[in-house]
Amino acid sequence: MDSPELLERRLGHRFADQNLLSLALTHRSAGDANNERLEYLGDAALGFVIAEWLWQTFPDANEHSLTLMRASLVKKPSLANIAREIELGEHLRLGVGERKSGGHHRESILADTLEALIGAVLVDAGYDAARGVIRTLFERHVEKVDARMARDAKTQLQERVQGRRLPPPEYRVLSRSGDEHLPEFVVECRIAGLGVLTLGRGGNRREAEQVAARAALDQLERSND
């Protein structure tokens, strides 16, 4: 197991309370005193910092685009990749069974532990310190986030279709289901002349249309249109 000091250097944070660092690295398989509560806190802090960061970085992006970008950054595979970059697996405290089954490399454990570390920094030194660690860990990934998501998918699709001198995409609501306070819309996007027909689901018509438009853009790219 690597030294805690090495991990702290990679995080850019020196823990005043080393017990917090130890707790953040302890999986539930290792005992009742584990990192699950810190993971809960870190998850919330990470979501807010990334949301704020994207909001500042992409001033023209709408809510749906920002949500997609945030989701791409904080999903478990992305978190696990960042955990691997700082070699977090070498520092995990696991139960015997998890150690034998390769828990040091398991995606879900790596992702959860990274969130627990962020939670531990928040408790140890406050919001600014946690924000700094998140910036250190995610800077390269935010720079590479899919910039297409920062633009309105319907606008992109219409511009692309107009460039080929074709009629604009047609959107049609196929269904509306769910409770009044939690509806789900299913919308069809059709592009005459290109053989494109996609579906989108969302909590309102606009959101569903954006999802369908994004799917149409992806379909056009796959066909090298």
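Me: Two strands pair if DSSP finds at least two bridges between them. What makes E2 and strand E3 (residues 196-202) a pair?
Reply: In this predicted model, local features need pLDDT of at least 70, side-chain atom pairs count only at pLDDT 80 or more, and totals for chains, interfaces and linings use all residues. Residues are numbered from 1 along each chain as its sequence is written, and side-chain values use heavy atoms, with hydrogens and water left out. Strands (E, at least two residues) and helices (H or I, at least four) are DSSP runs, numbered from the N terminus. E2 and E3 share seven bridges in the antiparallel sense, so the requirement of at least two is met. One of the bridges joins cysteine 189 to threonine 198 in E3.

Me: How do you know that strand E1 (residues 170-179) pairs with E2?
Reply: Nine bridges join E1 to E2, and the strands run antiparallel; the definition asks for at least two, so they pair. Glycine 178 stands opposite proline 183 in E2. A hairpin of two residues connects E1 to E2, whereas the hairpin of E2 and E3 has four residues between the strands. In the latter, glycine 193 has a positive phi near 90 degrees.

Me: Why is strand E2 (residues 182-191) called mostly covered?
Reply: Seven of its ten residues are buried, that is, under 20% relative accessible area with a 1.4 Å probe, protein chains only; over 50% is exposed, and in between is partly exposed.

Me: Why is aspartate 152 called partly exposed?
Reply: Its relative accessibility is 21%, which lies between the two cut-offs, so the middle class applies. Aspartate 152 is in the loop between helix H8 (127-143) and helix H9 (153-162). Leaving aside neighbours within four places in sequence, aspartate 152 is in contact (heavy atoms within 4.5 Å) with Asn62, Arg206 and Gln210.

Me: Why does arginine 165 count as exposed?
Reply: Arginine 165 has a relative accessible area of 79%, and the exposed class begins over 50%. This residue lies in the loop between H9 and E1. Its phi is near 60 degrees, a positive value in a residue other than glycine. Most residues other than glycine have a negative phi.

Me: How do you know that the charged end of lysine 154 sits over the ring of tyrosine 171?
Reply: The definition asks for NZ of Lys or CZ of Arg within 6 Å of the ring centre and within 35 degrees of the ring normal. For lysine 154 the distance to the centre is 4.7 Å. Arginine 135 lies over the face of tryptophan 53, at 4.2 Å from the ring centre.
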